[in-house]
Amino acid sequence: MKAMSTIAVYPGTFDPITNGHTDLVERASKLFNKVIVAVAASPKKRPALSHELRISLAKTVLGHLPNVEVVGFDNLLTEFTRSVNGQVVIRGLRAVSDFEYEFQLANMNRAIAPDVESIFLTPSEKHSYISSTLVREIASLNGDFGQFVSPDVKRVLQEHYKTI
């Protein structure tokens with residue numbers, strides 16, 4: 001059952017988008033009328049993949065979901081959320097260790113934008129240990145990471161680390 005006219009924003013660097021991210025977006029798409037996957041530029045994080053490529057991969061991977069839109073952003077999450085008329089920010093929690101940081105972030109966002117709610121979702125158990133950082137590490141060492149990402153993401157990462 002979807003909340004009436006609710007736009008949810010799922011922000012992240014998505015460097016790269018993993019099966020865990022996809023799982024969360026698929027479940028969120030059943031809860032909200034529209035889910036905007038907001039790919040952060042995040043230059044301070046020094047992403048391995050360009051902002052444009054991360055956006056493109058997310059669009060490819062999530063293209064089967066009619067109520068999901070993928071866009072890039074490079075400003076404050078609260079400003080971006082308001083600019084797309086979002087009422088909810090979705091944050092993923094893989095483990096208890098994620099909670100403290102995410103709780104702090106949610107409270108900061110609430111202080112800046114009290115009209116925007118934060119919702120925490122957990123991935124299914126089979127995806128709970130997947131992180132973009134670990135996927136990049138395995139890919140950079142020419143390991144088998146195909147079970148953690150879509151075939152398109154696998155191909156792009158293999159090409160990326162072949163050229164480094």
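**Exercise 1. State the volume of the largest pocket and describe its lining.**

Step 1. The largest pocket has a volume of about 1,200 Å³. A pocket is an open set of points on a 1 Å grid over the protein atoms alone, where a 1.4 Å probe fits, with protein on both sides within 12 Å along at least five of seven lines. Its volume is the space filled by probe spheres set on the points, which are joined across faces, edges and corners.

Step 2. Lining residues have an atom within 4 Å of a point. There are 42 of them, and Pro11, Gly12, Thr13, Lys45 and Arg91 are the closest to the centre.

Step 3. Now the elements. Two or more lining residues come from each of β1 (3-12), α1, α3 (77-83), β4 (88-92), α4 (96-112) and α5. Helix α4 gives the most, with 7 residues. Helices (H or I, at least four residues) and strands (E, at least two) are DSSP runs, numbered from the N terminus.

Step 4. Sort by class: 19 nonpolar, 14 polar and 9 charged residues. Ala, Val, Leu, Ile, Met, Phe, Trp, Tyr, Cys and Pro count as nonpolar, Asp, Glu, Lys and Arg as charged, and the others, Gly among them, as polar.

The model is predicted: local features need pLDDT of at least 70, side-chain atom pairs count only at pLDDT 80 or more, and totals for chains, interfaces and linings use all residues. Residues are numbered from 1 along each chain as its sequence is written, and side-chain values use heavy atoms, without hydrogens and water.

**Exercise 2. Find the buried residues of α5 and what they pack against.**

Step 1. Helix α5 spans residues 132-140, and Ser132, Val135 and Ala139 are buried there. Buried means under 20% relative accessible area, exposed over 50%, partly exposed in between (1.4 Å probe, protein chains only).

Step 2. These residues lie on the same side of α5, because they cover an arc of only 60° around the axis. The arc is taken from the directions from the helix axis to the C-beta atoms.

Step 3. The buried residues of α5 pack against α1 (19-31) and α6 (151-162).

**Exercise 3. Is Asn19 buried or exposed, and what does its side chain reach?**

Step 1. Asn19 is in helix α1. Its relative accessibility is 18%, so Asn19 counts as buried.

Step 2. The side chain of Asn19 reaches the backbone oxygen of Gln147 at 3.0 Å.

Step 3. Beyond four places in sequence, the contacts of Asn19 (heavy atoms within 4.5 Å) include His127, Ile130 and Phe148.

Key:
A polar contact is a pair of N or O atoms within 3.5 Å; within protein, one must be able to donate a hydrogen and the other to accept it, and residues adjacent in sequence count only if both atoms are side-chain atoms.
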